[in-house]
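Dear colleague,

I am passing on to you a structure that you have not worked with before. Please find it below, followed by an account of what was found in it.

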Amino acid sequence: MATAAEKKRIVEDFLKRCNDYSDNKLRNYRASLTGADDEQDLAIQDRISHWVAYRAFNEHAIMELKGPELDDWFEDD
């Protein structure tokens, strides 16, 4: 069975991959702003704000995984 440290590393790696995916989505949305009309621009900006918030949440979780805050989540019962 995996140790708590190994489990935390797996989750951290997953969250980093999620952030790589979100970085790609953000690049695509920002690129699509060029030539967008006002209505499209607002919709794209909304999507961008959601992806930025998602990425920030993941970053916060990654930082917590590096400390002891979530250790009890990864302990076997």
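**Findings**

Arg55 and Glu59 are joined through their side chains by a salt bridge, with 3.4 Å from N to O. Both residues belong to helix 2, where they stand 4 residues apart, about one turn of the helix. Arg55 is partly exposed, because its relative accessibility is 24%. Glu59 is likewise partly exposed, with a relative accessible area of 31%. Please bear in mind throughout that this is a predicted model.

**Overall form**

The chain contains 2 helices and 0 strands. Its C-alpha trace spans about 55 × 15 × 15 Å along the principal axes. The radius of gyration of the chain is 17 Å, whereas a compact globule of 77 residues would have one near 11 Å. Of the 77 residues in the chain, 23% are buried. Among contacts with a separation of 6 or more, 69% are made by residues 24 or more positions apart.

Helix 1 covers residues 4-32, and helix 2 covers residues 38-66. How far apart are the end C-alpha atoms of helix 1? They are 42 Å apart, which agrees with the 42 Å that its 29 residues should span at 1.5 Å a residue.

**How the helices meet**

The buried residues of helix 1 are Lys8, Glu12, Leu15, Cys18, Asn19, Ser22, Leu26 and Tyr29. These buried residues pack against helix 2. A view from the other side is given by Asn58, which is located in helix 2. Is Asn58 buried or exposed? With a relative accessible area of 3%, Asn58 falls under the 20% limit and is therefore buried. Beyond its neighbours within four places in sequence, Asn58 is in contact with Leu15, Cys18 and Asn19.

**Nonpolar cores**

The largest nonpolar core has 6 residues in all: Leu15, Ala61, Ile62, Leu65, Leu70 and Phe74. Helix 2 gives the most to this core, contributing 3 residues. Apart from this core lies another, of 5 residues, including Tyr29, Ile44, Ile48 and Trp51. Leu70, a member of the largest core, is in contact with Glu64 and Leu65 when its neighbours within four places in sequence are left aside.

**Aromatic pairs**

How many aromatic pairs does a search of the whole structure find? The search finds 2 aromatic pairs. In one of these, Trp51 and Tyr54 are arranged edge-to-face, with 5.5 Å from centre to centre and 85° between the planes. Trp51 and Tyr54 are both in helix 2, 3 residues apart, about one turn of the helix. Trp51 has a relative accessible area of 19% and is therefore buried, as the limit is 20%. Tyr54, by contrast, counts as partly exposed at 33% relative accessibility. Ring pairs join Tyr21 to Trp51 and Tyr54 in a cluster.

**Further salt bridges**

Side chains of opposite charge can pair when their charged atoms come close. Across the whole structure, a search finds 7 salt bridges. Two pairs that tie helix 1 to the segment after helix 2 deserve a description here.

- Lys7 and Asp76 form a salt bridge through their side chains, at 2.7 Å from N to O. This pair links distant parts of the chain, with Lys7 in helix 1 and Asp76 in the segment after helix 2, 69 residues apart. Lys7 counts as partly exposed, its relative accessibility being 21%.
- Lys8 and Asp71 form a salt bridge in which the closest N and O atoms are 2.5 Å apart. Here too distant parts of the chain are linked: Lys8 is in helix 1 and Asp71 is in the segment after helix 2, 63 residues apart. Asp71 is partly exposed at 28% relative accessibility, whereas Lys8 is buried, with a relative accessible area of 11%.

In addition, a network of salt bridges links Glu12, Lys16 and Lys66. Glu12 is also among the buried residues of helix 1.

**In brief**

The predicted model has 2 helices and 0 strands, and the buried residues of helix 1 pack against helix 2. The segment after helix 2 is linked to helix 1 by the salt bridge between Asp76 and Lys7 and by that between Asp71 and Lys8.

Yours sincerely

Methods:
Residues are numbered from 1 along each chain as its sequence is written. This is a predicted model: local features need pLDDT of at least 70, side-chain atom pairs count only at pLDDT 80 or more; totals for chains, interfaces and linings use all residues. Side-chain values use heavy atoms; hydrogens and water are left out. Buried means under 20% relative accessible area, exposed over 50%, partly exposed in between (1.4 Å probe, protein chains only). Contact means heavy atoms within 4.5 Å. Rings of Phe, Tyr and Trp (its six-membered ring) pair if their centres lie within 6.5 Å; planes under 30 degrees apart count as stacked, over 60 as edge-to-face and the rest as tilted. A salt bridge is a side-chain nitrogen of Lys or Arg within 4 Å of a carboxyl oxygen of Asp or Glu. The expected span of a helix is 1.5 Å times one less than its number of residues. A nonpolar core is a set of buried Ala, Val, Leu, Ile, Met, Phe, Trp, Tyr and Cys residues joined through side-chain atoms within 4.5 Å. The radius of gyration is taken over C-alpha atoms; the globule rule is 2.2 Å times the number of residues to the power 0.38.
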